[in-house]
Amino acid sequence: MKKLIVLSFSLLISLPSFTQESSSNREKHFNLEKNIAIEGYDPVSYFAEGKAKKGSSSLAYTYKSATYYFSSETNRKLFKAAPSTYEPQYGGWCAYAIGNSGEKVGINPKTFKITEGKLYLFYNAYFTNTLPLWEAKEKELKEKADSNWKGIISQ
């Protein structure tokens with residue numbers, strides 16, 4: 001029993017360092033411009049309205065070092081209640097690129113897909129839209145992206 005108490009206490013003491021490491025990894029590896037996620041687009045709008053909608057800095061909320069903008073107070077409240085539900089996969093980088101090569105490639109916030117309740121964002125510029133490429137091999141690319149992202153975020 002004494003060992004269990006000591007182990008539990010040790011884990012509690014180390015929790016802040018895990019949190020700090022997680023925040024620094026997010027700052028280092030997430031697609032943030034001046035700590036703003038999704039180029040200022042409202043993450044909840046993808047789910048609630050089925051479209052990308054620009055958020056407002058007056059309706060900002062910071063979650064684990066990433067600041068999200070919202071288009072309404074309702075959306076901000078929804079996010080605050082369950083942030084992991086609305087955050088984009090792979091730190092907001094292009095899902096196709098993470099799956100295809102493990103590279104962090106920028107996105108066009110208006111090019112997205114929601115699959116199984118998860119938000120995926122894609123590069124779409126200079127005559128290249130990676131969403132159709134993702135959809136052509138989605139299962140394979142998602143598996144590779146999940147694995148690649150775990151490797152990236154653990155660095």
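Modeller: Rings of Phe, Tyr and Trp (for Trp, the six-membered ring) pair if their centres lie within 6.5 Å; planes under 30 degrees apart count as stacked, over 60 as edge-to-face and the rest as tilted. The model is predicted: local features need pLDDT of at least 70, side-chain atom pairs count only at pLDDT 80 or more, and totals for chains, interfaces and linings use all residues. Residues are numbered from 1 along each chain as its sequence is written, and side-chain values use heavy atoms, with hydrogens and water left out.

Colleague: Which residues do ring pairs link into a cluster?

Modeller: The cluster holds Phe47, Tyr61, Tyr63, Tyr68, Phe70, Phe79 and Tyr86. In total, the ring rule gives eleven aromatic pairs.

Colleague: What makes Phe47 and Tyr86 an edge-to-face pair?

Modeller: Their ring centres are 5.3 Å apart and their planes stand at 80°. The distance is within 6.5 Å and the angle is over 60, so both tests are met. Phe47 is in helix α2 (residues 43-48) and Tyr86 in helix α4 (residues 83-86), which puts the two 39 residues apart. Helices here are DSSP runs of H or I with at least four residues, strands are runs of E with at least two, and both are numbered from the N terminus.

Colleague: Why is Phe47 called partly exposed?

Modeller: Buried means under 20% relative accessible area, exposed means over 50%, and partly exposed lies in between (1.4 Å probe, protein chains only). Phe47 has 26%, so partly exposed is the right label. Tyr86, at 13%, counts as buried.

Colleague: Why is the pair Tyr90 and Tyr120 called tilted?

Modeller: The angle between the planes is 50° and the centres are 5.9 Å apart. An angle that is neither under 30 nor over 60 falls to the rest, so the pair is tilted. Tyr90 is in the loop between α4 and α5 (95-100), and Tyr120 is in strand β6 (residues 118-122), so parts 30 residues apart in sequence are tied together. Both rings belong to buried residues: Tyr90 has 4% relative accessible area and Tyr120 has 2%.

Colleague: How do you know that Glu135 and Lys113 form a salt bridge?

Modeller: A salt bridge needs a side-chain nitrogen of Lys or Arg within 4 Å of a carboxyl oxygen of Asp or Glu. The closest N and O atoms of Glu135 and Lys113 are 3.5 Å apart, so the rule is met. Glu135 lies in helix α6 (residues 130-136) and Lys113 in strand β5 (residues 108-115), so this bridge ties together parts 22 residues apart in sequence. Salt bridges with shared partners join Lys113, Glu135 and Glu138 into one network.

Colleague: What makes Glu138 buried?

Modeller: Its relative accessibility is 17%, which is under 20%. Glu138 lies in helix α7 (residues 138-153). The side chains of Glu138 and Lys113 are also joined by a polar contact of 2.7 Å. That term means a pair of N or O atoms within 3.5 Å; within protein, one must be able to donate a hydrogen and the other to accept it, and residues adjacent in sequence count only if both atoms are side-chain atoms.

Colleague: How many salt bridges does the structure hold?

Modeller: There are six. Another of them joins Arg76 to Glu73, with the closest N and O atoms 3.2 Å apart. These two are three residues apart in helix α3 (residues 73-81), about one helical turn. Arg76 is buried at 19%, whereas Glu73 is partly exposed at 31%.

Colleague: Why is strand β4 called mostly covered?

Modeller: Five of the five residues in β4 (residues 66-70) are buried. Ala66, Tyr68 and Phe70 point one way, and Thr67 and Tyr69 point the other way. In a regular strand, side chains alternate between the two faces of the sheet.

Colleague: How do you know that β3 and β4 pair?

Modeller: Two strands pair if DSSP finds at least two bridges between them. Strand β3 (residues 56-63) and β4 have five, in the antiparallel sense, and Thr62 stands opposite Thr67. The two strands form a hairpin with two residues between them.

Colleague: Which residues of the largest nonpolar core touch the most other members?

Modeller: Tyr46, Tyr90, Phe122 and Trp134 do, out of 34 residues. Such a core is a set of buried Ala, Val, Leu, Ile, Met, Phe, Trp, Tyr and Cys residues joined through side-chain atoms within 4.5 Å. α2, β3, β4, α5, β6, α6 and α7 each supply at least two residues of this core.
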